[in-house]
Amino acid sequence: MPRFSVIVPAYKVQAYLQECLESVLGQSYPDLEVIAVDDCSPDACGALVDEFAARDGRVRPVHLPENGGVGAARNAGVERATGDYLVFVDGDDTLAPDALRAIADRIKEAGDPDVLVYDHAHALWTGETVRSPFLHQLTEQGPVPFRLDDRPLLLKLPLVAWNKAYRREFVEREGLTFPAGACADIPWTVPSLLAAESMATLDRVCVHHRRQRQIGSTPSAQGHFDIHEQYDRVFAFVDERPELTRWRPVLFRRMVDQLMSVLARPDRLPRTARAEFLRRSRDHYRRYRTPGAAVPLHARLRHLLVRTGSYRTYRVVRLASALRRNLTRFVKSLARGVRSAALRLHYRVQRRLPVRYDRAVFSSHSGRGYGCNPGALEAAFRSFVPGMRTAWVARPEHHHTLPTATARVRPGTAAYWTALARSKYLVNNGSWDSRFVKRAGQTVIQTQYGTPLKRMGLDLQDRPAAARDTDFTELVADVDTWDHCLSANRHSTLVWERVFPGGYTTLETGQPRNDVFQQATSADVARLRESLGIPEGSVAILYAPTHRDYLRGPRHTLDLDRVLRQLGPRYVLLARAHHIYDAPPAPASGGRLIDVTDHPSIESLCLASDALVTDYSSLMFDYANLNRPIVIHSDDWEAYEAARGTYFDLRAFPPGAIARSEDELIDIFATGHWRGSRSAQLRAAFRERFCPYDDGRAAERVVQRLVLGGTTGQAPVTPLAERHPVPSAADAFASVPLASVPRPQPSTDGTPVLNGS
């Protein structure tokens with residue numbers, strides 16, 4: 001008997017069915033059966049189902065003699081299911097990688113609940129993936145299993161069958177079936193939630209629900225009129241069970257919300273059917289309204305419109321709402337225009353006032369928080385220049401990262417334009433506003449934010465995937481405002497001066513943000529590890545991939561849960577996504593997989609870790625200053641090189657071991673090669689080339705040169721051999737734990753595993 005019966009109804013989804021079935025059969029949890037139901041589809045769905053059944057014995061094909069709708073197809077699958085749990089996947093949807101393993105683990109943790117509710121994401125036809133907005137309802141905190149009384153807000157989630165796993169014995173005991181017609185999920189989902197004696201949630205995206213492109217055809221009314229009958233079935237179920245009467249007010253409000261949602265969307269109902277739909281909704285409102293049940297203030301207008309059932313009133317309210325929205329937009333647009341004109345006038349006035357030689361303004365990554373090279377220089381300005389007053393430009397959501405000693409400035413405000421007009425020093429690792437006008441007496445310092453591996457600046461002119469909307473004329477105009485550009489090494493100098501041509505002076509001082517690597521102590525490392533929740537005695541691996549210019553969203557190339565399972569309980573992964581993404585590099589499951597995407601300081605994460613795993617991120621050049629192991633995961637070098645381009649072949653000159661697949665990465669750690677002698681030799685050569693100046697005094701040298709006006713007496717550069725960066729926590733272990741798994745086999749093409757041994 002399999003653990004899961006995955007039921008896949010298929011009707012007119014031939015373009016997506018193959019991807020759907022492959023996503024199920026390719027799960028890392030193999031204990032499943034797939035019941036693929038061809039709902040008498042007129043296209044090739046039936047043939048595809050048979051092809052998969054011939055290829056994989058876990059697929060059980062079902063061909064219905066006539067089309068009965070999704071409800072009938074699912075019922076046919078339920079009748080034939082033998083698994084412990086039922087999972088429904090529509091024929092044009094897909095299961096996320098390792099979804100069934102995560103579901104199985106959570107079911108085991110929760111003691112085999114009747115229903116497990118998990119998260120989903122919408123896969124848009126544009127290629128974009130948007131996570132469900134109901135994340136907060138799926139928190140895994142609190143006792144499990146529970147009943148709906150303990151988490152009633154779960155009824156606010158979409159009333160669909162495909163975001164839940166159902167214990168088959170529970171379904172059979174309750175006699176749950178799908179009715180005919182559209183909206184068949186409602187009278188299945190609501191009764192299952194109400195009747196379940198034990199429930200649990202999983203805060204992880206397990207299903208990608210496809211939203212197909214609307215092609216402008218006239219919507220059919222009949223399918224959406226079925227929603228009334230489906231709610232008749234829901235309330236009939238409640239009426240049959242007196243103990244569920246208390247749920248009537250909740251279900252009534254949920255019904256009103258859904259009815260108004262259908263009515264409000266022009267793609268749901270043709271115009272000619274809306275008045276009849278509203279009249280029928282009025283009848284249901286009167287039939288199922290519970291006397292004395294309170295209606296929330298924000299929903300009272302909605303209830304009033306359904307209760308009256310007047311489509312004319314509904315249209316008047318809609319027109320009034322549209323008029324109000326348009327008026328609001330007009331007023332806001334007018335206000336923005338007036339404000340913009342006032343700020344331009346303010347900036348002109350400020351530019352005619354004297355430059356303040358005791359003022360410096362800083363910013364990093366287009367208004368993000370305090371950090372990077374500008375952050376290190378801001379602290380150095382205050383430390384080495386008495387009386388210097390500093391300001392930091394950041395968006396309000398990042399102000400909590402700023403030190404109290406620096407003034408907080410919001411982009412685009414009067415204070416912002418005052419700072420740009422009056423400050424002597426302007427320090428940034430990006431660009432200032434395109435309307436910025438550099439004045440005589442001002443000094444613009446471009447810090448950059450790392451050593452370039454990927455192509456930058458004008459080198460992107462023939463790389464449209466990477467350049468995207470870059471305005472190269474505007475880029476060169478910004479370069480013309482620079483007075484100085486910081487460089488970490490000779491390689492950086494040669495690249496910056498070619499791709500950002502201008503009249504500035506390059507300063508090979510090192511990266512100020514890396515000073516902390518030489519200045520931090522073991523006590524600092526211990527404090528940082530404790531704050532991140534890294535268990536004592538664990539090896540912490542920082543996983544920080546860069547973005548891909550040839551992809552719309554983040555690339556989840558590693559199964560981090562599997563990596564951790566293979567490496568064993570003594571390893572911890574700190575997963576950090578590139579800052580242009582909002583989502584972490586992998587769904588964080590808690591425990592040994594810690595999402596540090598929102599941590600304000602990458603330098604602190606480097607200090608807390610014992611090794612770095614990255615792909616082509618410039619972080620490797622900074623991390624090399626710690627003289628700690630670096631492992632490169634390079635599984636798409638050719639694609640990355642074709643889309644973005646690089647300045648040297650990282651595979652020929654790596655900072656440590658190289659893995660070309662997930663198994664090779666596990667092998668590198670399982671065998672200890674990540675910190676072996678060969679890896680140390682590669683790292684030493686890498687440091688010699690790219691870390692000549694990062695000795696802990698780069699910021700001091702910049703201030704001495706540009707603010708204190710000295711070309712002599714500057715802090716000398718400490719040679720690499722004499723530097724002693726703070727050791728990692730793992731260096732203090734008597735022995736570093738090895739994974740207990742067998743070594744993966746070499747790659748299928750017969751080439752040996754390059755692991756730095």
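Let me start with two residues, Phe 381 and Tyr 425, both of which are buried in what is, I should say at once, a predicted model. Their ring centres lie 5.6 Å apart with the planes at 80°, so this is an edge-to-face pair. Phe 381 belongs to helix H12, residues 372-384, while Tyr 425 belongs to strand E13, residues 423-428, so the pair ties together parts that are 44 residues apart in sequence. These two rings also take part in a cluster, in which ring pairs link Phe 362, Tyr 370, Phe 381, Trp 392 and Tyr 425.

From Tyr 425 we can move into the sheet around it. Strand E13 is part of an open sheet of 7 strands, with parallel pairing and the order E12-E11-E10-E13-E14-E15-E16. The edges are taken by strand E12, 407-409, and strand E16, 505-508, and each of these has a single partner strand, so one side of each is left without a neighbour in the sheet. On average, and with direction ignored, neighbouring strands here are turned by 25° against each other.

Looking at the pairings one by one, strand E10, residues 356-363, runs parallel to E13 and is joined to E13 by 5 bridges, and within that pairing Ala 360 has Tyr 425 as its bridge partner. E13 is in turn joined by 4 bridges to strand E14, residues 443-446, again in parallel, and there Tyr 425 stands opposite Thr 443. Strand E10 is also joined by 5 bridges to strand E11, residues 389-393, and these two run parallel as well; in this case the bridge partner of Arg 359 is Arg 389. Between E10 and E11 the chain passes through H12, the helix that holds Phe 381, and this β-α-β crossover is right-handed.

Which strands does helix H13 lie across? Helix H13, residues 414-422, lies across E10, E11, E12 and E13, and runs at about 110° to E13. Helix H16, residues 490-499, packs on the sheet as well, where it touches strand E15, 484-487, and E16, with a direction that makes about 145° with that of E15.

Let me now turn to the second sheet. Here 6 strands form an open sheet with parallel pairing, in the order E19-E18-E17-E20-E21-E22. Strand E19, 593-595, and strand E22, 657-659, are at the edges with a single partner strand each, so one side of each has no neighbour in the sheet. The average turn between neighbouring strands of this sheet is 25°, direction ignored. Strand E18, residues 571-575, pairs with E19 in the parallel sense over 3 bridges, and Leu 573 has Leu 593 of E19 as its bridge partner. Helix H19, residues 560-567, packs on this sheet, touching strand E17, 539-543, together with E18 and E19, and its direction makes about 160° with that of E18. Helix H23, residues 662-670, lies across E17, E18, strand E20 (611-614), strand E21 (630-633) and E22, running at about 150° to E22.

Just ahead of E17 there is a loop contact that I would like to point out. Gly 537 is placed in the loop between helix H18, 522-532, and E17, and, leaving aside neighbours within four places in sequence, Gly 537 is in contact with Arg 570 and Phe 733. The C-alpha atoms of Gly 537 and Phe 733 are separated by 7.3 Å, although these residues are 196 residues apart along the chain.

Back to the aromatic rings, where the count comes to 31 aromatic pairs. Besides the edge-to-face pair of Phe 381 and Tyr 425, there is the pair of Tyr 616 and Tyr 640, which is tilted, at 4.4 Å centre to centre and with 35° between the planes. Tyr 616 lies in the loop between E20 and helix H21, 619-623, and Tyr 640 lies in helix H22, residues 637-643, so this pair ties together parts that are 24 residues apart in sequence. Are these two tyrosines, Tyr 616 and Tyr 640, buried or exposed? Tyr 616 is buried, with a relative accessible area of 0%, and Tyr 640 counts as buried at 2%.

Arg 689 is involved with rings in another way: its charged end sits over the ring of Phe 648, 5.0 Å from the ring centre, and Arg 689 also lies over the face of Phe 653, at 5.1 Å from that ring's centre.

I will end with Gln 27, which lies in the loop between helix H1, 14-25, and strand E2, 32-38. Gln 27 has a relative accessibility of 7% and therefore counts as buried, the limit being under 20%. Not counting residues up to four places away in sequence, Gln 27 touches Leu 32, Leu 95, Ala 96, Pro 97, Asp 98, Ala 99 and Leu 100.

Key: Residues numbered from 1 in each chain as written. Predicted model: local features only at pLDDT ≥ 70, side-chain atom pairs only at ≥ 80, totals over all residues. Heavy atoms only, no water. Pairing = 2+ DSSP bridges. Axes fitted to C-alpha atoms, helices over the stretch in contact; angles between N-to-C directions. Contact = heavy atoms within 4.5 Å. Buried < 20%, exposed > 50% of the residue type's maximum accessible area, 1.4 Å probe, protein only. Phe/Tyr/Trp six-rings, centres within 6.5 Å; stacked < 30°, edge-to-face > 60°. Lys NZ or Arg CZ within 6 Å of the ring centre and 35° of its normal. Right-handed = clockwise from strand over helix to strand, strands pointing away.
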